[in-house]
Amino acid sequence: MTTTEINQTEINQNMSRINFAKVAPKAFRAVIGLDAAAREGLDPALVELVQIRSSQLNHCAYCLHMHTGDARKAGESEERLHMTAVWREAKHFFTEKEQAALALTEAVTLVADGGVPDAVYAQAAARFDERELAQLLALIFTINTWNRIALATGKVAGTDER
């Protein structure tokens, strides 16, 4: 490591970041409300898969640890958890509906890389009714918000603070 890298590492380790929930409780509760509303009517297993995939793409270890743990507690298999990152190469582990949700999750999470392609949207629209699709989109928006909160405030994987 260079001196600059060592100094930056020391700064990162010594710098405490804000407790978003405590400092901005109204905003935090609003995200909790959106999260709860987004989940309504969606299969809990699908919810966790979407949250896991978005957290992988956003490199959010805090949320990834939390949601893989939640998925395990809900009975999700280790095989599917391991295959979520490479679901396109392991499609047989996932239903067509789950594949459509994962594709939409990737497109929305990585929206700056090319938007949400019509084909991806159409695939999801063919597998979800309008209400479910709206709920799925809200879920994807929410997990991306949670990822950004956790990353910006320096949440540490394994320290579930719910």
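Reader: Hi! Which side chains meet in a salt bridge with a distance of 3.2 Å, N to O?

Author: Those are Glu132 and Lys97, whose side chains meet in a salt bridge at 3.2 Å, N to O. Keep in mind that this is a predicted model.

Reader: Thanks! Where do Glu132 and Lys97 sit in the chain?

Author: Glu132 belongs to helix 9 and Lys97 to helix 7. The two are 35 residues apart, and the pair links distant parts of the chain.

Reader: And is Glu132 buried or exposed?

Author: Glu132 is buried, with a relative accessible area of 19%. The cut-off for buried is under 20%. Its partner Lys97 counts as partly exposed, at 31% relative accessibility.

Reader: Cool. How many salt bridges does the count come to?

Author: The count comes to nine salt bridges. Another one joins Arg127 and Glu96, with the closest N and O atoms 2.9 Å apart.

Reader: Which helices does that pair link?

Author: Arg127 is in helix 8 and Glu96 in helix 7, 31 residues apart. Arg127 itself is partly exposed, with a relative accessible area of 31%.

Reader: What about Glu40, which residue does its side chain meet in a salt bridge?

Author: Glu40 meets Arg131, at 3.9 Å from N to O. Glu40 lies in the loop between helix 3 and helix 4 (44-57), while Arg131 is in helix 9, so this salt bridge ties together parts that are 91 residues apart in sequence. Glu40 is partly exposed at 45% relative accessibility, and Arg131 is partly exposed too, at 48%.

Reader: Which residues are linked in a network of salt bridges?

Author: Arg53, Arg88 and Glu106 are linked that way.

Reader: New topic! How many aromatic pairs are there?

Author: The count is two aromatic pairs. In one of them, Phe20 and Phe28 are edge-to-face, with 6.3 Å from centre to centre and 65 degrees between the planes.

Reader: And what is the arrangement of the rings of Phe28 and Trp146?

Author: Their centres are 5.4 Å apart and their planes are at 70 degrees, so that pair is edge-to-face. Phe28 is in helix 3 (residues 25-39) and Trp146 in helix 9 (residues 130-152), 118 residues apart, so to speak of this pair is to speak of a link between distant parts of the chain.

Reader: Which residues form the aromatic cluster, then?

Author: Phe20, Phe28 and Trp146 form one aromatic cluster. Trp146 is buried, with a relative accessible area of 15%. Phe20 is partly exposed at 22% relative accessibility, and Phe28 is partly exposed at 22%.

Reader: I learned about disulfides last week. How many does the structure hold?

Author: Zero. As a reminder, a disulfide is a covalent bond between the sulfur atoms of two cysteines.

Reader: Why is there no bond from the sulfur of Cys60 to the one in Cys63?

Author: Because the sulfur of Cys63, the closest cysteine sulfur to that of Cys60, is 3.5 Å away, which is too far for a bond. The cut-off for a disulfide is within 2.5 Å.

Reader: Is Cys60 buried or exposed? And how about Cys63, buried or exposed?

Author: Cys60 is buried, with a relative accessible area of 2%. Cys63 counts as buried as well, at 4% relative accessibility.

Reader: Speaking of buried residues, how many are in the largest nonpolar core?

Author: The largest nonpolar core has 24 residues. Val50, Leu104, Phe128 and Leu136 have the most contacts inside it.

Reader: Which helices supply at least two residues of this core?

Author: Helix 4, helix 7, helix 8 and helix 9 each do. The largest share, seven residues, comes from helix 7.

Reader: What do nonpolar side chains tend to do in soluble globular proteins?

Author: They tend to be buried together.

Reader: Last one: which residues make the nonpolar surface patch?

Author: Val111, Val116 and Tyr121 make a nonpolar surface patch of about 240 Å². Val116 is found in the loop between helix 7 (96-109) and helix 8 (118-127). At 32% relative accessibility, Val116 counts as partly exposed.

Technical notes
Residues are numbered from 1 along each chain as its sequence is written. This is a predicted model: local features need pLDDT of at least 70, side-chain atom pairs count only at pLDDT 80 or more; totals for chains, interfaces and linings use all residues. Side-chain values use heavy atoms; hydrogens and water are left out. Buried means under 20% relative accessible area, exposed over 50%, partly exposed in between (1.4 Å probe, protein chains only). Patches are made of residues with over 30% relative accessible area and no salt bridge: like charges are joined within 9 Å, nonpolar side chains (Val, Leu, Ile, Met, Phe, Trp, Tyr) within 5 Å. Accessible areas come from the Shrake-Rupley method with a 1.4 Å probe; for residues, only the protein chains shown count as cover. A salt bridge is a side-chain nitrogen of Lys or Arg within 4 Å of a carboxyl oxygen of Asp or Glu. Helices (H or I, at least four residues) and strands (E, at least two) are DSSP runs, numbered from the N terminus. Rings of Phe, Tyr and Trp (its six-membered ring) pair if their centres lie within 6.5 Å; planes under 30 degrees apart count as stacked, over 60 as edge-to-face and the rest as tilted. A nonpolar core is a set of buried Ala, Val, Leu, Ile, Met, Phe, Trp, Tyr and Cys residues joined through side-chain atoms within 4.5 Å.
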